[in-house]
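Biologist: I am new to this structure and would love a guided tour that starts with a close look at one part. Could you show it to me first?

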Number of protein chains: 2
Amino acid sequence: MSEHVAEPRWRRLPEERPKQILDAALAVFAERGLAAARLEDIAKRAGVSKGTIYLYFANKEELFRGVVRDTVIAFIERGEASFAVERDPIRALDVWMEGHWRWIRSDVFPAMHRLANSELRDFPDLYEFYAVEVVGRAQRLVCEILERGMETGVFRRMDALVAARMLSALFVTHGTWYHQKHSFKSIANIPDGVLLAQIREFFLHAMRPDAGPSSPLVD
Amino acid sequence: MSEHVAEPRWRRLPEERPKQILDAALAVFAERGLAAARLEDIAKRAGVSKGTIYLYFANKEELFRGVVRDTVIAFIERGEASFAVERDPIRALDVWMEGHWRWIRSDVFPAMHRLANSELRDFPDLYEFYAVEVVGRAQRLVCEILERGMETGVFRRMDALVAARMLSALFVTHGTWYHQKHSFKSIANIPDGVLLAQIREFFLHAMRPDAGPSSPLVD
DNA sequence: GTTAAGTTACTGACCAGTCATTAACAGTCG
DNA sequence: CGACTGTTAATGACTGGTCAGTAACTTAAC
(Lines give C-alpha, C1' and ligand atoms only; values in the text may rest on other atoms or scores of the structure.)
Protein backbone atom coordinates (compact mmCIF):
# COMPACT_ATOMS: atom_id res chain seq x y z
CA MET A 1 0.00 0.00 0.00
CA SER A 2 2.97 2.29 0.28
CA GLU A 3 3.57 4.86 -2.44
CA HIS A 4 6.83 3.21 -3.26
CA VAL A 5 8.27 5.97 -5.45
CA ALA A 6 7.66 9.02 -3.29
CA GLU A 7 8.62 12.56 -4.17
CA PRO A 8 12.39 12.99 -4.24
CA ARG A 9 13.53 14.70 -1.08
CA TRP A 10 14.94 17.56 -3.09
CA ARG A 11 15.52 18.50 -6.72
CA ARG A 12 18.46 19.74 -8.69
CA LEU A 13 17.56 23.16 -9.96
CA PRO A 14 20.84 24.87 -10.73
CA GLU A 15 19.17 27.38 -13.03
CA GLU A 16 16.69 28.67 -10.48
CA ARG A 17 18.70 28.55 -7.28
CA PRO A 18 20.50 31.87 -7.56
CA LYS A 19 17.28 33.82 -7.95
CA GLN A 20 15.53 31.88 -5.19
CA ILE A 21 18.43 32.58 -2.86
CA LEU A 22 18.68 36.25 -3.81
CA ASP A 23 14.96 36.76 -3.24
CA ALA A 24 15.08 35.07 0.13
CA ALA A 25 18.21 37.01 1.05
CA LEU A 26 16.63 40.34 0.17
CA ALA A 27 13.68 39.54 2.38
CA VAL A 28 15.82 38.55 5.33
CA PHE A 29 18.35 41.35 4.92
CA ALA A 30 15.46 43.80 4.66
CA GLU A 31 13.90 42.62 7.85
CA ARG A 32 17.01 42.04 9.97
CA GLY A 33 19.87 43.97 8.38
CA LEU A 34 23.12 42.51 7.14
CA ALA A 35 24.79 41.57 10.39
CA ALA A 36 21.73 40.08 12.07
CA ALA A 37 20.58 38.05 9.07
CA ARG A 38 21.20 34.34 9.56
CA LEU A 39 22.22 32.28 6.57
CA GLU A 40 20.11 29.49 8.06
CA ASP A 41 17.04 31.69 7.76
CA ILE A 42 17.82 32.69 4.21
CA ALA A 43 18.31 29.06 3.33
CA LYS A 44 15.07 28.00 4.94
CA ARG A 45 13.17 30.77 3.18
CA ALA A 46 14.70 29.80 -0.15
CA GLY A 47 13.78 26.19 0.53
CA VAL A 48 17.35 24.91 0.46
CA SER A 49 20.00 24.06 3.02
CA LYS A 50 22.69 26.42 4.19
CA GLY A 51 25.39 24.58 2.30
CA THR A 52 23.62 25.20 -0.99
CA ILE A 53 24.05 28.94 -0.62
CA TYR A 54 27.78 28.39 -0.63
CA LEU A 55 27.55 26.61 -3.97
CA TYR A 56 26.41 29.87 -5.53
CA PHE A 57 27.93 32.61 -3.39
CA ALA A 58 31.41 32.67 -1.94
CA ASN A 59 30.31 34.10 1.43
CA LYS A 60 27.77 36.28 3.15
CA GLU A 61 29.32 39.46 1.87
CA GLU A 62 29.20 38.33 -1.74
CA LEU A 63 25.60 37.31 -1.27
CA PHE A 64 24.87 40.77 0.05
CA ARG A 65 26.59 42.38 -2.91
CA GLY A 66 24.54 40.17 -5.17
CA VAL A 67 21.33 41.31 -3.54
CA VAL A 68 22.16 44.98 -3.77
CA ARG A 69 23.27 44.83 -7.39
CA ASP A 70 20.30 42.69 -8.33
CA THR A 71 17.75 44.92 -6.66
CA VAL A 72 19.18 48.25 -7.66
CA ILE A 73 19.82 47.29 -11.24
CA ALA A 74 16.33 45.88 -11.56
CA PHE A 75 14.95 49.15 -10.28
CA ILE A 76 17.00 51.29 -12.62
CA GLU A 77 16.04 49.32 -15.67
CA ARG A 78 12.37 49.44 -14.81
CA GLY A 79 12.25 53.25 -14.76
CA GLU A 80 13.63 55.78 -17.20
CA ALA A 81 11.69 54.60 -20.20
CA SER A 82 8.16 55.85 -19.88
CA PHE A 83 8.38 59.57 -19.24
CA ALA A 84 11.32 60.34 -21.47
CA VAL A 85 8.94 60.67 -24.38
CA GLU A 86 6.56 63.02 -22.61
CA ARG A 87 7.37 66.52 -23.82
CA ASP A 88 5.30 68.69 -21.52
CA PRO A 89 7.54 69.33 -18.49
CA ILE A 90 4.82 69.31 -15.88
CA ARG A 91 3.24 66.18 -17.21
CA ALA A 92 6.69 64.57 -17.50
CA LEU A 93 7.34 65.52 -13.89
CA ASP A 94 4.01 64.04 -12.87
CA VAL A 95 4.83 60.79 -14.61
CA TRP A 96 8.21 60.72 -12.92
CA MET A 97 6.67 61.43 -9.53
CA GLU A 98 4.10 58.70 -9.96
CA GLY A 99 6.80 56.20 -10.79
CA HIS A 100 9.10 57.34 -8.05
CA TRP A 101 6.31 57.28 -5.50
CA ARG A 102 5.54 53.73 -6.49
CA TRP A 103 9.18 52.82 -5.95
CA ILE A 104 9.24 54.62 -2.61
CA ARG A 105 6.18 52.76 -1.42
CA SER A 106 7.41 49.37 -2.62
CA ASP A 107 8.77 47.15 0.08
CA VAL A 108 12.15 47.13 -1.58
CA PHE A 109 12.79 50.82 -1.01
CA PRO A 110 12.83 50.85 2.78
CA ALA A 111 15.09 47.84 2.72
CA MET A 112 17.54 49.42 0.33
CA HIS A 113 17.38 52.73 2.08
CA ARG A 114 17.92 51.24 5.47
CA LEU A 115 20.88 49.27 4.21
CA ALA A 116 22.27 52.32 2.46
CA ASN A 117 22.05 54.35 5.63
CA SER A 118 23.55 51.82 7.96
CA GLU A 119 25.43 48.85 6.69
CA LEU A 120 26.42 50.05 3.25
CA ARG A 121 29.03 52.29 4.81
CA ASP A 122 31.14 49.19 5.26
CA PHE A 123 31.05 48.65 1.50
CA PRO A 124 32.30 51.89 -0.02
CA ASP A 125 32.08 50.59 -3.55
CA LEU A 126 28.47 49.52 -3.14
CA TYR A 127 27.60 52.76 -1.47
CA GLU A 128 29.07 54.83 -4.23
CA PHE A 129 27.31 52.65 -6.75
CA TYR A 130 24.04 53.40 -4.98
CA ALA A 131 24.72 57.12 -4.65
CA VAL A 132 25.71 57.53 -8.28
CA GLU A 133 23.51 55.03 -10.05
CA VAL A 134 20.31 55.38 -8.06
CA VAL A 135 20.19 58.76 -6.38
CA GLY A 136 22.41 60.59 -8.83
CA ARG A 137 20.73 59.17 -11.89
CA ALA A 138 17.26 60.03 -10.65
CA GLN A 139 18.38 63.57 -9.90
CA ARG A 140 19.90 64.01 -13.33
CA LEU A 141 16.67 62.88 -14.93
CA VAL A 142 14.56 65.30 -12.95
CA CYS A 143 17.11 67.94 -13.76
CA GLU A 144 16.50 67.56 -17.46
CA ILE A 145 12.77 67.83 -17.05
CA LEU A 146 13.14 70.94 -14.92
CA GLU A 147 15.49 72.59 -17.38
CA ARG A 148 12.97 72.03 -20.15
CA GLY A 149 10.34 73.60 -17.93
CA MET A 150 12.52 76.62 -17.24
CA GLU A 151 13.02 77.12 -20.95
CA THR A 152 9.31 77.14 -21.59
CA GLY A 153 8.67 79.29 -18.55
CA VAL A 154 6.48 76.97 -16.48
CA PHE A 155 9.19 76.82 -13.80
CA ARG A 156 11.10 79.71 -12.36
CA ARG A 157 14.76 79.92 -13.25
CA MET A 158 17.09 78.44 -10.67
CA ASP A 159 19.86 75.87 -10.41
CA ALA A 160 18.04 72.80 -11.69
CA LEU A 161 20.32 70.43 -9.85
CA VAL A 162 19.47 72.09 -6.58
CA ALA A 163 15.77 71.85 -7.34
CA ALA A 164 16.12 68.18 -8.26
CA ARG A 165 17.91 67.58 -4.99
CA MET A 166 15.11 69.25 -3.06
CA LEU A 167 12.49 67.11 -4.76
CA SER A 168 14.53 64.02 -4.08
CA ALA A 169 14.86 65.00 -0.44
CA LEU A 170 11.11 65.43 -0.09
CA PHE A 171 10.51 62.00 -1.55
CA VAL A 172 13.13 60.13 0.41
CA THR A 173 12.14 61.39 3.83
CA HIS A 174 8.44 61.04 3.19
CA GLY A 175 9.16 57.54 1.98
CA THR A 176 10.86 56.51 5.18
CA TRP A 177 8.13 58.11 7.25
CA TYR A 178 5.51 56.41 5.16
CA HIS A 179 7.01 53.06 6.01
CA GLN A 180 7.02 53.95 9.70
CA LYS A 181 3.49 55.21 9.92
CA HIS A 182 2.90 53.40 13.18
CA SER A 183 5.33 55.74 14.92
CA PHE A 184 4.77 58.88 12.90
CA LYS A 185 1.22 59.48 13.94
CA SER A 186 1.04 62.72 11.96
CA ILE A 187 1.28 60.72 8.76
CA ALA A 188 -0.63 57.62 9.75
CA ASN A 189 -4.07 58.82 8.67
CA ILE A 190 -3.11 60.47 5.41
CA PRO A 191 -4.02 58.41 2.34
CA ASP A 192 -1.13 57.66 -0.05
CA GLY A 193 -2.50 59.75 -2.83
CA VAL A 194 -2.83 62.77 -0.61
CA LEU A 195 0.72 62.47 0.62
CA LEU A 196 2.02 62.46 -2.93
CA ALA A 197 -0.28 65.35 -3.81
CA GLN A 198 1.10 67.37 -0.90
CA ILE A 199 4.65 66.88 -2.09
CA ARG A 200 3.67 67.71 -5.64
CA GLU A 201 1.80 70.83 -4.63
CA PHE A 202 4.60 72.05 -2.40
CA PHE A 203 7.26 71.47 -5.01
CA LEU A 204 5.31 73.13 -7.80
CA HIS A 205 4.74 76.13 -5.56
CA ALA A 206 8.42 76.43 -4.92
CA MET A 207 9.11 76.21 -8.63
CA ARG A 208 6.39 78.46 -9.99
CA PRO A 209 7.67 81.48 -11.86
CA ASP A 210 7.93 84.81 -10.12
CA ALA A 211 5.00 87.12 -10.55
CA GLY A 212 4.91 88.40 -14.07
CA PRO A 213 2.92 87.47 -17.12
CA SER A 214 1.14 84.39 -15.81
CA SER A 215 2.90 81.88 -18.00
CA PRO A 216 0.49 79.77 -20.04
CA LEU A 217 1.36 76.24 -21.07
CA VAL A 218 3.49 76.18 -24.17
CA ASP A 219 2.99 74.10 -27.31
CA MET B 1 65.46 53.30 42.76
CA SER B 2 61.98 52.01 42.14
CA GLU B 3 59.12 54.47 42.40
CA HIS B 4 57.68 52.45 45.19
CA VAL B 5 54.30 54.21 45.37
CA ALA B 6 53.34 54.29 41.69
CA GLU B 7 50.04 55.46 40.31
CA PRO B 8 47.22 53.26 41.52
CA ARG B 9 46.25 50.81 38.78
CA TRP B 10 42.74 52.24 38.73
CA ARG B 11 40.62 54.68 40.68
CA ARG B 12 37.20 54.53 42.24
CA LEU B 13 35.09 57.11 40.47
CA PRO B 14 31.51 56.05 40.95
CA GLU B 15 30.21 59.54 40.20
CA GLU B 16 31.84 59.90 36.83
CA ARG B 17 31.58 56.39 35.46
CA PRO B 18 28.07 56.51 34.02
CA LYS B 19 28.82 59.54 31.88
CA GLN B 20 32.18 58.17 30.74
CA ILE B 21 30.51 54.94 29.72
CA LEU B 22 27.60 56.65 27.98
CA ASP B 23 29.95 58.88 26.00
CA ALA B 24 32.08 55.94 24.93
CA ALA B 25 28.99 53.93 24.10
CA LEU B 26 27.56 56.68 21.92
CA ALA B 27 30.80 56.85 19.97
CA VAL B 28 30.97 53.12 19.44
CA PHE B 29 27.27 52.67 18.67
CA ALA B 30 27.51 55.54 16.21
CA GLU B 31 30.38 54.01 14.39
CA ARG B 32 29.37 50.35 14.43
CA GLY B 33 25.64 50.18 15.15
CA LEU B 34 23.99 48.43 18.05
CA ALA B 35 24.54 44.81 17.12
CA ALA B 36 28.13 45.18 15.97
CA ALA B 37 29.28 47.28 18.91
CA ARG B 38 31.49 45.31 21.28
CA LEU B 39 31.21 45.98 24.98
CA GLU B 40 34.96 45.41 25.13
CA ASP B 41 35.46 48.35 22.81
CA ILE B 42 33.12 50.58 24.76
CA ALA B 43 34.93 49.64 27.95
CA LYS B 44 38.34 50.32 26.46
CA ARG B 45 37.19 53.68 25.13
CA ALA B 46 35.75 54.61 28.53
CA GLY B 47 38.99 53.52 30.17
CA VAL B 48 37.39 50.82 32.29
CA SER B 49 37.00 47.07 32.08
CA LYS B 50 34.02 45.28 30.66
CA GLY B 51 32.80 44.19 34.04
CA THR B 52 32.52 47.78 35.17
CA ILE B 53 29.88 48.51 32.57
CA TYR B 54 27.71 45.89 34.22
CA LEU B 55 27.94 47.68 37.52
CA TYR B 56 26.06 50.60 36.00
CA PHE B 57 23.90 49.07 33.26
CA ALA B 58 21.99 45.83 33.44
CA ASN B 59 22.89 44.76 29.91
CA LYS B 60 23.72 45.99 26.42
CA GLU B 61 20.13 46.92 25.68
CA GLU B 62 19.80 49.05 28.79
CA LEU B 63 23.06 50.76 27.94
CA PHE B 64 21.68 51.49 24.50
CA ARG B 65 18.48 52.91 25.97
CA GLY B 66 20.62 55.05 28.23
CA VAL B 67 22.54 56.44 25.30
CA VAL B 68 19.43 57.27 23.28
CA ARG B 69 17.66 58.94 26.15
CA ASP B 70 20.77 60.83 27.19
CA THR B 71 21.55 62.09 23.73
CA VAL B 72 18.06 62.93 22.60
CA ILE B 73 17.03 64.60 25.79
CA ALA B 74 20.19 66.66 25.82
CA PHE B 75 19.39 67.80 22.30
CA ILE B 76 15.81 68.70 23.06
CA GLU B 77 16.70 70.71 26.10
CA ARG B 78 19.35 72.64 24.24
CA GLY B 79 16.92 73.88 21.61
CA GLU B 80 13.48 75.41 22.02
CA ALA B 81 14.55 78.32 24.13
CA SER B 82 16.23 80.85 21.91
CA PHE B 83 13.80 81.52 19.08
CA ALA B 84 10.59 81.33 21.05
CA VAL B 85 10.99 84.97 21.95
CA GLU B 86 11.61 86.16 18.40
CA ARG B 87 8.35 87.63 17.15
CA ASP B 88 9.03 88.16 13.48
CA PRO B 89 8.12 84.84 11.81
CA ILE B 90 10.82 84.88 9.16
CA ARG B 91 13.51 85.78 11.62
CA ALA B 92 12.20 83.17 14.04
CA LEU B 93 12.32 80.63 11.24
CA ASP B 94 15.87 81.65 10.44
CA VAL B 95 16.90 81.18 14.03
CA TRP B 96 15.25 77.79 14.09
CA MET B 97 16.95 76.77 10.85
CA GLU B 98 20.34 77.85 12.11
CA GLY B 99 19.91 75.79 15.23
CA HIS B 100 18.52 72.81 13.43
CA TRP B 101 21.26 72.92 10.83
CA ARG B 102 23.83 72.92 13.60
CA TRP B 103 22.17 69.84 15.09
CA ILE B 104 22.04 68.16 11.68
CA ARG B 105 25.73 68.79 11.13
CA SER B 106 26.77 67.64 14.58
CA ASP B 107 28.22 64.19 14.71
CA VAL B 108 25.42 63.03 16.98
CA PHE B 109 22.72 63.46 14.37
CA PRO B 110 23.92 60.92 11.81
CA ALA B 111 24.42 58.44 14.60
CA MET B 112 20.93 58.93 15.98
CA HIS B 113 19.40 58.98 12.57
CA ARG B 114 21.16 55.85 11.47
CA LEU B 115 20.09 54.06 14.62
CA ALA B 116 16.54 55.33 14.25
CA ASN B 117 16.36 54.03 10.72
CA SER B 118 17.82 50.64 11.35
CA GLU B 119 18.12 49.23 14.82
CA LEU B 120 15.54 51.31 16.64
CA ARG B 121 12.78 49.32 14.99
CA ASP B 122 13.59 46.57 17.46
CA PHE B 123 12.76 48.99 20.30
CA PRO B 124 9.26 50.25 19.58
CA ASP B 125 9.12 52.38 22.69
CA LEU B 126 12.41 54.11 21.93
CA TYR B 127 11.39 54.60 18.34
CA GLU B 128 8.13 56.20 19.28
CA PHE B 129 9.94 58.34 21.80
CA TYR B 130 12.20 59.55 19.01
CA ALA B 131 9.36 60.09 16.55
CA VAL B 132 7.23 62.02 18.99
CA GLU B 133 9.78 63.83 21.11
CA VAL B 134 12.34 64.75 18.48
CA VAL B 135 10.75 64.82 15.06
CA GLY B 136 7.23 65.62 16.20
CA ARG B 137 8.28 68.29 18.62
CA ALA B 138 10.44 70.05 16.06
CA GLN B 139 7.59 70.00 13.58
CA ARG B 140 5.13 71.42 16.07
CA LEU B 141 7.51 74.26 16.82
CA VAL B 142 7.96 75.13 13.17
CA CYS B 143 4.23 74.85 12.81
CA GLU B 144 3.66 77.63 15.30
CA ILE B 145 6.11 79.92 13.59
CA LEU B 146 4.51 79.27 10.23
CA GLU B 147 1.02 79.92 11.53
CA ARG B 148 2.14 83.26 12.90
CA GLY B 149 3.60 84.04 9.50
CA MET B 150 0.38 83.13 7.77
CA GLU B 151 -1.53 85.45 10.05
CA THR B 152 0.70 88.35 9.20
CA GLY B 153 0.73 87.43 5.54
CA VAL B 154 4.42 86.74 4.99
CA PHE B 155 3.62 83.10 4.23
CA ARG B 156 0.89 81.83 1.99
CA ARG B 157 -2.00 80.06 3.67
CA MET B 158 -1.71 76.30 3.71
CA ASP B 159 -1.77 73.43 6.19
CA ALA B 160 1.05 74.49 8.49
CA LEU B 161 1.71 70.93 9.61
CA VAL B 162 2.28 69.87 6.04
CA ALA B 163 4.67 72.75 5.49
CA ALA B 164 6.55 71.91 8.66
CA ARG B 165 6.84 68.32 7.49
CA MET B 166 8.26 69.46 4.15
CA LEU B 167 10.86 71.62 5.84
CA SER B 168 11.78 68.79 8.14
CA ALA B 169 12.12 66.45 5.18
CA LEU B 170 14.46 68.86 3.41
CA PHE B 171 16.65 69.09 6.48
CA VAL B 172 16.79 65.42 7.29
CA THR B 173 17.74 64.21 3.85
CA HIS B 174 20.24 66.96 3.28
CA GLY B 175 21.68 66.11 6.66
CA THR B 176 22.29 62.50 5.79
CA TRP B 177 23.75 63.46 2.43
CA TYR B 178 25.93 66.04 4.09
CA HIS B 179 27.45 63.36 6.25
CA GLN B 180 28.07 61.20 3.23
CA LYS B 181 29.67 63.82 1.05
CA HIS B 182 32.35 61.44 -0.10
CA SER B 183 29.75 59.44 -2.00
CA PHE B 184 27.37 62.20 -2.95
CA LYS B 185 29.69 64.07 -5.25
CA SER B 186 27.00 66.57 -6.14
CA ILE B 187 27.11 67.89 -2.59
CA ALA B 188 30.78 67.46 -1.82
CA ASN B 189 31.94 70.86 -3.03
CA ILE B 190 29.12 72.95 -1.67
CA PRO B 191 30.06 74.93 1.47
CA ASP B 192 27.82 74.36 4.49
CA GLY B 193 26.42 77.82 4.48
CA VAL B 194 25.39 77.56 0.88
CA LEU B 195 23.61 74.28 1.45
CA LEU B 196 21.56 75.79 4.23
CA ALA B 197 20.90 78.88 2.13
CA GLN B 198 19.61 76.71 -0.68
CA ILE B 199 17.15 74.96 1.60
CA ARG B 200 16.07 78.28 3.06
CA GLU B 201 15.58 79.89 -0.32
CA PHE B 202 13.66 76.94 -1.66
CA PHE B 203 11.38 76.72 1.35
CA LEU B 204 10.66 80.43 1.43
CA HIS B 205 9.80 80.32 -2.26
CA ALA B 206 7.35 77.53 -1.64
CA MET B 207 5.79 79.51 1.19
CA ARG B 208 5.66 82.95 -0.35
CA PRO B 209 2.16 84.33 -0.71
CA ASP B 210 0.33 84.05 -4.01
CA ALA B 211 0.58 87.04 -6.28
CA GLY B 212 -1.53 89.85 -4.95
CA PRO B 213 -0.69 92.95 -2.95
CA SER B 214 2.96 92.23 -2.22
CA SER B 215 2.58 91.74 1.49
CA PRO B 216 4.75 94.08 3.54
CA LEU B 217 6.03 93.07 6.93
CA VAL B 218 3.51 93.73 9.64
CA ASP B 219 4.05 95.50 12.94
C1' DG C 1 28.41 4.43 -12.87
C1' DT C 2 29.56 8.92 -12.91
C1' DT C 3 28.93 13.58 -11.93
C1' DA C 4 27.38 17.52 -9.98
C1' DA C 5 23.72 19.29 -6.72
C1' DG C 6 22.48 19.20 -2.33
C1' DT C 7 22.63 17.99 2.75
C1' DT C 8 24.12 17.75 7.48
C1' DA C 9 27.09 17.51 11.24
C1' DC C 10 30.83 19.78 12.70
C1' DT C 11 34.56 23.52 14.10
C1' DG C 12 36.39 27.57 15.24
C1' DA C 13 35.78 32.41 16.14
C1' DC C 14 33.40 35.70 18.43
C1' DC C 15 31.22 37.96 22.22
C1' DA C 16 27.50 39.04 25.92
C1' DG C 17 27.23 38.30 30.38
C1' DT C 18 29.13 36.15 35.07
C1' DC C 19 31.75 35.61 39.18
C1' DA C 20 35.71 34.81 42.01
C1' DT C 21 39.30 37.74 43.08
C1' DT C 22 41.83 42.08 43.84
C1' DA C 23 42.68 46.70 45.07
C1' DA C 24 41.27 51.47 46.35
C1' DC C 25 39.56 54.14 49.84
C1' DA C 26 37.30 55.40 54.40
C1' DG C 27 36.97 54.78 58.97
C1' DT C 28 38.72 53.27 63.51
C1' DC C 29 41.75 52.43 67.05
C1' DG C 30 46.29 51.92 69.38
C1' DC D 1 50.66 58.79 62.55
C1' DG D 2 50.52 54.21 60.82
C1' DA D 3 48.44 49.55 61.08
C1' DC D 4 44.29 47.14 60.65
C1' DT D 5 39.57 46.28 58.84
C1' DG D 6 35.35 46.54 56.19
C1' DT D 7 33.19 47.98 52.21
C1' DT D 8 32.57 48.29 47.54
C1' DA D 9 34.51 49.72 42.86
C1' DA D 10 36.75 47.45 39.53
C1' DT D 11 39.04 43.67 37.19
C1' DG D 12 39.64 39.86 33.83
C1' DA D 13 39.49 34.90 33.09
C1' DC D 14 35.88 32.08 31.99
C1' DT D 15 31.29 30.10 30.19
C1' DG D 16 27.71 29.24 27.13
C1' DG D 17 25.36 30.24 23.11
C1' DT D 18 25.34 31.71 18.36
C1' DC D 19 26.57 31.41 13.70
C1' DA D 20 29.65 31.77 9.36
C1' DG D 21 31.95 28.77 6.90
C1' DT D 22 33.68 23.73 5.80
C1' DA D 23 33.97 19.07 4.41
C1' DA D 24 32.54 14.44 4.29
C1' DC D 25 28.76 12.23 2.88
C1' DT D 26 24.18 11.40 0.10
C1' DT D 27 21.16 11.49 -3.67
C1' DA D 28 19.09 13.18 -8.07
C1' DA D 29 19.62 12.76 -12.80
C1' DC D 30 21.37 11.27 -17.03
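Biologist: Let us begin with helix α10 of chain A: how many residues does it have, and how far does it reach from its first C-alpha to its last?

Modeller: Happy to help, and please keep in mind that this is a predicted model. Helix α10 of chain A covers residues 192-207, which makes 16 residues. From its first C-alpha to its last it reaches 23 Å, close to the 22 Å expected at 1.5 Å a residue.

Now look at what this helix hides. The buried residues of α10(A) are A:L195, A:L196, A:Q198, A:I199, A:F202, A:F203, A:L204, A:H205, A:A206 and A:M207. As general background, an α-helix has 3.6 residues a turn, so residues three or four places apart point the same way. You can try this on the helix in front of you, starting from A:L195 and A:I199, both among its buried residues.

What do these buried residues pack against? Within chain A, the partners are α5 (89-105), α7, α8 and α9 (185-188). Chain B takes part too, through its α8 and its α10 (192-207).

Two of those partners in chain A deserve a visit. The helix α7(A) runs over residues 124-152, and its 29 residues should span 42 Å at 1.5 Å a residue; the end C-alpha atoms are 40 Å apart, which agrees. If you follow α7(A) along its length, you will find a bend of about 35° at A:G136. After α7(A) comes A:G153, with a positive phi near 90°.

The other partner is α8 of chain A, residues 160-178, and A:S168 is one of its residues. A:S168 counts as buried because its relative accessibility is 8%, and the cut-off for buried is under 20%. Its side chain makes a polar contact of 3.5 Å with the side chain of A:Q139. Leaving aside neighbours within four places in sequence, A:S168 is in contact with A:V135, A:Q139 and B:W177. That list includes a residue of chain B, so let us cross over to that chain.

In chain B, the loop between α8 (160-178) and α9 (185-188) holds B:Q180. B:Q180 counts as buried because its relative accessibility is 8%. Beyond its neighbours within four places in sequence, B:Q180 is in contact with A:A116, A:N117 and A:Y127.

Next, let us go to another part of chain A. The loop between α3 and α4 (60-78) contains A:F57. With a relative accessible area of 12%, A:F57 is buried. A:F57 and A:I21 are 36 residues apart in sequence, and their C-alpha atoms are 9.5 Å apart in space. Not counting residues up to four places away in sequence, A:F57 touches A:P18, A:I21, A:L22, A:E62 and A:L63.

Finally, turn to the DNA. Around DNA strand C there are 24 residues, of which A:R12, A:R17, A:T52, A:Y56 and B:K50 come nearest. By class, this surface has 10 nonpolar, four polar and 10 charged residues. The largest share of the surface, five residues, comes from α3(A). Of the atoms of strand C within 4 Å of the protein, 65% belong to sugar or phosphate and the rest to bases. On the phosphate side, a backbone N or O atom of A:S49 lies 2.8 Å from a phosphate oxygen of strand C, and a polar backbone atom of A:R11 lies 3.2 Å from a phosphate oxygen. On the base side, an N or O atom in the side chain of B:K50 is 2.6 Å from a base oxygen of strand C.

DNA strand D has 23 residues around it, and B:R12, B:L13, B:S49, B:T52 and B:Y56 come nearest. Here the classes are 10 nonpolar, four polar and nine charged residues. For strand D, 68% of the atoms within 4 Å of the protein belong to sugar or phosphate, and the rest to bases. A polar side-chain atom of B:R17 lies 2.8 Å from a phosphate oxygen of strand D. The side chain of A:R9 has an N or O atom 2.9 Å from a phosphate oxygen of this strand, while a backbone N or O atom of A:A37 lies 3.0 Å from one. The elements giving two or more residues to the surface near strand D are α3 (50-56) of chain A and α3 (50-56) of chain B. The α3 helix of chain B gives the most, with four residues.

Key. Residues are numbered from 1 along each chain as its sequence is written. Chains are lettered from A and ligands numbered from 1 in the order in which they are written. This is a predicted model: local features need pLDDT of at least 70, side-chain atom pairs count only at pLDDT 80 or more; totals for chains, interfaces and linings use all residues. Side-chain values use heavy atoms; hydrogens and water are left out. A residue is near a molecule or strand if one of its heavy atoms lies within 4 Å of it. A polar contact is a pair of N or O atoms within 3.5 Å; within protein, one must be able to donate a hydrogen and the other to accept it, and residues adjacent in sequence count only if both atoms are side-chain atoms. Ala, Val, Leu, Ile, Met, Phe, Trp, Tyr, Cys and Pro count as nonpolar, Asp, Glu, Lys and Arg as charged, and the others, Gly among them, as polar. Buried means under 20% relative accessible area, exposed over 50%, partly exposed in between (1.4 Å probe, protein chains only). Contact means heavy atoms within 4.5 Å. The expected span of a helix is 1.5 Å times one less than its number of residues. The bend at a residue is the angle between axes fitted to the seven residues ending there and the seven starting there.
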